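Trainee: I should like to take a close look at the salt bridges of this structure, please. How many does a search of the whole structure find?

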Amino acid sequence: MFIAWGRWAQTPIACIFNDTFNWTSNNCNMSRPIQATIYSAALRHNLARARQSAPDAKVWVIVKANAYGHGIERAFDGLKGADGFALLDFDEAARLRALDWRGPILLLEGCFEARDLEICSRLGLWHVVHCNEQIDMLAAHKTQQPHRVFLKMNSGMNRLGFKPERYRAAWTRLNALPQVDEVSLMTHFSDADSAKGIDAQLAAFETATHDLPGERSLSNSAANLRHSVVLAAKSDWIRPGIAVYGSSPDFPDHSAGHWGLQPTMTLSSKIIGVQNLEAGDSVGYGSSFTASNAMRIGIVACGYADGYPRHCTTGTPVLVTGVRCRMVGRVSMDMVTVDLTPVPGAGMGSDVTLWGSASNGAVLPIDEVARAAGTVGYELMCALAQRVPTVVD
């Protein structure tokens, strides 16, 4: 074994290696300046904003995809005021139980095979039923503890669920099973974020369920914010997802600020190099940007290997010392380049905000960066790379 000292660390850091050059220390940290910050206060604020739109409903906070890339453990303190958590897999459910969460947890896609029902019993999970095969599993299941289920209707999304004309038969069958404790009713709106709206799907749901007992769960983020007047009295449970994480569910029609949402994740870095360009000089792979006049550019320690979208092009907004600038050229694996014209005093070590909140209070909404990449804020959050150090504020 030998000890390798971190050459660039502000204080010496020892990394212990074995004779095959696999380091075994858990205290060897790179000083590359990129960092993600998760804001517990913003998560609490956005959760309260969701409740405001449906004050009489309980709240399932959606924490699938590792809490939309925020990390379940990191987001938990900001979200533990929810009435329940909804997710997809047993690993995430077990992590919530390990955090001492004793409230409801809902499996949004339900069980995939019969043995999953035993795990539901062990972890105390509620689960969605969306097909006859899942009812068959329950009917054959031997249990001393009846299951709490949410029966899903396919009211027009055409992913999971029973068509309206078959929904009542599924409810009748489920309700007759001794393995089932209580049947709640749910659907999912496909166009709550657009002009098409929810009317047709809501009518289909109400027609098929008007005299069925059980709690209802209807509203995702877009429905909760855009259609709260219609839905406030119709949902016993709302299911906010993206809005809780500070992204607008109907951008660009409305911004996160319009809905009173706060960014819950900031991706920040620093300038690690500066180049002075002359007219005609190009930047980066493929020379996709060519300077039309003399200019300074900053090289930022962030690239697609960090989760920054490779499809972002020249013009994508970036904050340098809190001032809005533009990216130029292609996104590389580890670097992006930024036009420093609006901030002539910026240079080596200057703060850069790729999305989220700058130290001076300026905000770069994640939705704007996502639009420049031809995608949505959900994807950027979920794509944050494991190599990015993440802290909770």
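Mentor: A search of the whole structure, which is a predicted model, finds 22 salt bridges. The general idea is that side chains of opposite charge can pair when their charged atoms come close. Let us begin with one pair and follow it outwards.

The side chains of Asp-306 and Arg-32 meet in a salt bridge, with 2.9 Å from N to O. Asp-306 lies in the loop between β15 and β16 (317-320), while Arg-32 lies in the loop between β2 (14-17) and β3, so this pair ties together parts that are 274 residues apart in sequence. The surroundings of the two partners can be described as well. Asp-306 has a relative accessible area of 0% and is therefore buried. Arg-32, with a relative accessible area of 24%, is partly exposed.

A second pair is formed by Asp-334 and Arg-387, whose closest N and O atoms are 2.7 Å apart. This pair also links distant parts of the chain: Asp-334 belongs to the loop between β17 (323-328) and β18 (335-339), and Arg-387 to the loop between α12 (377-382) and β21 (390-392), 53 residues apart. Asp-334 is partly exposed at a relative accessible area of 30%, and Arg-387 is partly exposed at 42%. The two pairs should be considered together, for Arg-32, Asp-306, Asp-334 and Arg-387 are linked in a network of salt bridges.

Another salt bridge joins the side chains of Lys-196 and Asp-191, with an N to O distance of 3.9 Å. The limit for a salt bridge is 4 Å between such atoms, so this pair is counted. Lys-196 has a relative accessibility of 68% and counts as exposed.

The loops of the first pair lead us to the strands beside them. Arg-32 lies in the loop that comes before β3, and strand β3 (residues 35-38) pairs with strand β12 (residues 265-277) in the antiparallel sense over four bridges. Within this pairing, Thr-37 has Thr-266 in β12 as its bridge partner. The loop of Asp-306 follows β15, and strand β15 (residues 295-301) is paired with β12 in the antiparallel sense over six bridges. There, Gln-275 stands opposite Ile-297 in β15. Strand β12 also pairs with strand β19 (residues 351-357), in the antiparallel sense over four bridges, and Leu-267 stands opposite Trp-355 in β19. Strand β12 thus has β3, β15 and β19 among its partners.

One further loop deserves attention, since it too leads to β12: Gly-241 lies in the loop between β11 (237-238) and β12. At 4% relative accessibility, Gly-241 counts as buried. Its C-alpha is 4.8 Å from that of Ile-62, although the two residues are 179 residues apart in sequence. When neighbours within four places in sequence are left aside, Gly-241 is in contact with Ile-62, Tyr-68 and Ser-221.

To return to the starting point, Asp-306 is the buried partner and Arg-32 the partly exposed one in a salt bridge that belongs to the network with Asp-334 and Arg-387.

Methods. Residues are numbered from 1 along each chain as its sequence is written. This is a predicted model: local features need pLDDT of at least 70, side-chain atom pairs count only at pLDDT 80 or more; totals for chains, interfaces and linings use all residues. Side-chain values use heavy atoms; hydrogens and water are left out. Two strands pair if DSSP finds at least two bridges between them. Helices (H or I, at least four residues) and strands (E, at least two) are DSSP runs, numbered from the N terminus. Buried means under 20% relative accessible area, exposed over 50%, partly exposed in between (1.4 Å probe, protein chains only). Contact means heavy atoms within 4.5 Å.
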